[in-house]
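Hi there,

Here is the structure I promised to pass on. Have a look at it first, and my notes on its charged pairs follow below.

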Amino acid sequence: MASSSVTASASASVSSSESGITERRGIPGAQFVEDVQTYLNQLGLDVNSALAVLQERLQQYKLVEMKLLAQQRELQAKIPDIEKCLDVVAALQAKKGTGEALTADFEVSEGIYSRACIEDSDLVCLWLGANVMLEYSCEEATALLQKNLDNAKASLEVLVADLQFLRDQVTITQVTIARVYNWDVHQRRMRQAVAAKDS
């Protein structure tokens with residue numbers, strides 16, 4: 001119980017000491033520690049408690065990184081699908097008015113394809129997900145797909161920037177953990193040297 005209250009107060013202290021540090025889309029910035037003694041005095045913690053707080057923050061960063069990487073993978077899979085749909089709609093528009101049927105292979109189920117002849121048509125059906133399919137004119141479908149593609153690319157750019165910021169925070173936190181740990185080892189050695197000298 002006491003350790004959780006120490007961690008909570010330390011987290012609050014870390015947050016308040018980081019108020020001047022930037023934050024990106026809810027990801028708090030990490031504080032680089034130049035003087036470990038001053039850092040510990042500001043937090044009012046001993047070395048073990050400070051290391052526990054830093055390790056907890058590092059784990060939070062890792063969890064956020066996993067979520068962002070999953071979102072990035074989803075977007076990277078979604079963008080080619082949207083581009084493929086745009087190409088299909090463009091092919092339908094190019095064949096429109098020629099009187100020529102478009103022959104296409106489409107996926108019925110995973111690994112199962114069927115061939116279809118598509119007659120001259122001005123309408124397409126777009127699968128929106130959640131068992132919803134809507135019929136659009138080719139122009140509306142192109143506009144919708146282009147909007148979705150632009151949104152997906154913009155979201156991917158933001159995610160890449162978020163991941164870079166997060167990796168910087170992970171590195172800063174890891175360096176801070178190493179500095180606090182090394183400072184503690186150095187302090188112990190100095191105390192042992194003084195004790196050995198006195199005895």
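Which residue forms a salt bridge with Asp105? The partner is Arg115, and the closest N and O atoms of the two are 2.8 Å apart. Please keep in mind that this is a predicted model. The pair links distant parts of the chain, with Asp105 in strand β3 and Arg115 in strand β4, 10 residues apart. Asp105 is partly exposed, at a relative accessible area of 47%, whereas Arg115 is exposed, at 61%.

Then there is Lys96, which you may enjoy. Its side chain forms a salt bridge with Asp122, where the closest N and O atoms are 3.0 Å apart. This pair also links distant parts of the chain: Lys96 is in the loop between α3 (47–95) and β3 (102–109), and Asp122 is in the loop between β4 (112–118) and β5 (123–129), 26 residues apart.

Lys96 meets Glu139 in a salt bridge too, at 3.5 Å from N to O. Because Lys96 lies in the loop between α3 and β3 and Glu139 in helix α4 (residues 138–198), the pair ties together parts that are 43 residues apart in sequence. As for accessibility, Lys96 is partly exposed at 31%, Asp122 is partly exposed at 36%, and Glu139 is partly exposed at 42%.

One more thing to look for: Arg24, Arg25 and Asp162 are joined into one network by salt bridges that share partners. The count for the structure comes to nine salt bridges.

Happy browsing, and best wishes

Technical notes. Residues are numbered from 1 along each chain as its sequence is written. This is a predicted model: local features need pLDDT of at least 70, side-chain atom pairs count only at pLDDT 80 or more; totals for chains, interfaces and linings use all residues. Side-chain values use heavy atoms; hydrogens and water are left out. A salt bridge is a side-chain nitrogen of Lys or Arg within 4 Å of a carboxyl oxygen of Asp or Glu. Helices (H or I, at least four residues) and strands (E, at least two) are DSSP runs, numbered from the N terminus. Buried means under 20% relative accessible area, exposed over 50%, partly exposed in between (1.4 Å probe, protein chains only).
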